[in-house]
Amino acid sequence: MNEKDAATAIAGSDAALLELEHVGKLYGGKGVVTRALDDVSLRVRRGEFVAIMGPSGSGKSTLLNCVATIDSATSGRISLSGKDITRLRRSELSKFRRDELGFIFQDSNLLDTLTGFENIALALTLKGERPSIIESAVTELARTLGIEEVLQKYPQQMSGGQRQRVAAARAIVGKPQLILADEPTGALDSKSSAVLLDVLENMNANMGATILMVTHDAFAASYSTRTVFLRDGRLFNEVSRGNDPRSEYYQKIMDVMAFLGGEIDAR
């Protein structure tokens with residue numbers, strides 16, 4: 001590799017996968033307007049695991065919904081790999097969500113009539129992948145995430161933690177550019193939360209997943225590589241883990257949340 005190619009590779013590794021530029025979101029009308037997002041600018045690099053925290057009503061879920069194209073920004077620009085997703089036509093949105101995004105919700109949102117294997121495979125089935133490729137991809141991913149024992153079970157036969165790990169597998173099996181996680185540990189006990197967070201950390205560190213996670217749980221945020229804080233719809237602060245041990249990073253997160261005065265889940 002020559003010097004020019006090396007410089008290009010380095011620059012590319014630091015390029016923003018997701019970029020929000022002066023994003024605003026207003027709700028209401030007739031003189032009663034709520035500004036849910038106010039001039040938010042944020043860059044997420046490929047391979048980052050970014051947590052979003054803030055008090056209730058700070059705009060966390062609104063930001064995630066705008067990135068997911070579930071909601072529309074009132075102003076500003078949101079781009080993924082340089083493509084302005086705020087300008088996608090209605091006919092393009094389903095394909096964009098299917099091909100470019102993976103979703104993990106507080107409620108796993110698995111289909112009750114499908115087994116764990118079928119729930120994970122669904123993302124690939126919708127893309128028209130061959131059965132042999134689907135079988136290999138799902139089996140390998142299940143082994144990596146430690147859910148082989150539930151592949152033939154239905155969601156009602158799984159624990160909450162198992163359902164969330166199946167949901168995580170479903171989110172990543174199609175190799176989306178970005179995984180969006182909305183309070184993924186909110187309905188789990190402490191032990192199941194820790195297992196799921198280990199899965200997310202593994203997906204990020206060893207499988208190259210880029211993750212944007214909304215959470216009110218400082219313990220969950222401590223598994224990320226960077227935490228950004230919202231207050232009143234605006235970016236307030238951010239902290240990065242760097243080479244800090246998780247305990248020190250967790251304390252930094254707690255310090256900011258204490259200053260914000262938001263609800264905190266501490267462990």
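**View 1. Packing around helix H6 in the predicted model.** Elements covering the buried residues of H6 include strand S6 (101–104), helix H4 (116–126), helix H5 (131–145), strand S7 (178–182) and H7. H6 is mostly covered, with 12 of its 14 residues buried. Among the buried residues are Gln162, Gln164, Arg165 and Arg170. Val166, Ala167, Ala168, Ala169, Ile172 and Val173 are also buried.

**View 2. Length and end of helix H6 (residues 160–173).** At 1.5 Å a residue, the 14 residues of H6 should span 20 Å. The end C-alpha atoms are 20 Å apart, so the expected span and the model agree. Lys175 follows H6. Its phi is positive, near 55 degrees.

**View 3. Thr210 in the loop between helix H7 (190–207) and strand S8 (211–214).** Thr210 is buried, with a relative accessible area of 3%. Its side chain reaches the backbone nitrogen of Gly47 at 2.7 Å. Leaving aside neighbours within four places in sequence, Thr210 is in contact with Leu17, with Val44, Arg45, Arg46, Gly47 and Glu48, and with Gln177, Leu178 and Ile179.

**View 4. The largest cavity, with a volume of about 60 Å³.** A search of the whole structure finds one cavity of 30 Å³ or more. Its lining comprises Leu64, Asn65, Ala68, Ile70, Phe103, Ile104, Phe105, Leu180 and Asp182. Helix H2 (60–67), S6 and S7 each supply at least two of these residues. The lining divides into seven nonpolar residues, one polar and one charged.

Key
Residues are numbered from 1 along each chain as its sequence is written. This is a predicted model: local features need pLDDT of at least 70, side-chain atom pairs count only at pLDDT 80 or more; totals for chains, interfaces and linings use all residues. Side-chain values use heavy atoms; hydrogens and water are left out. Helices (H or I, at least four residues) and strands (E, at least two) are DSSP runs, numbered from the N terminus. Buried means under 20% relative accessible area, exposed over 50%, partly exposed in between (1.4 Å probe, protein chains only). A polar contact is a pair of N or O atoms within 3.5 Å; within protein, one must be able to donate a hydrogen and the other to accept it, and residues adjacent in sequence count only if both atoms are side-chain atoms. Contact means heavy atoms within 4.5 Å. The expected span of a helix is 1.5 Å times one less than its number of residues. On a 1 Å grid over the protein atoms alone, a cavity is a set of points where a 1.4 Å probe fits but cannot get out, and a pocket is an open set with protein on both sides within 12 Å along at least five of seven lines; lining residues have an atom within 4 Å of a point. Grid points are joined across faces, edges and corners, and a volume is the space filled by probe spheres set on the points. Ala, Val, Leu, Ile, Met, Phe, Trp, Tyr, Cys and Pro count as nonpolar, Asp, Glu, Lys and Arg as charged, and the others, Gly among them, as polar.
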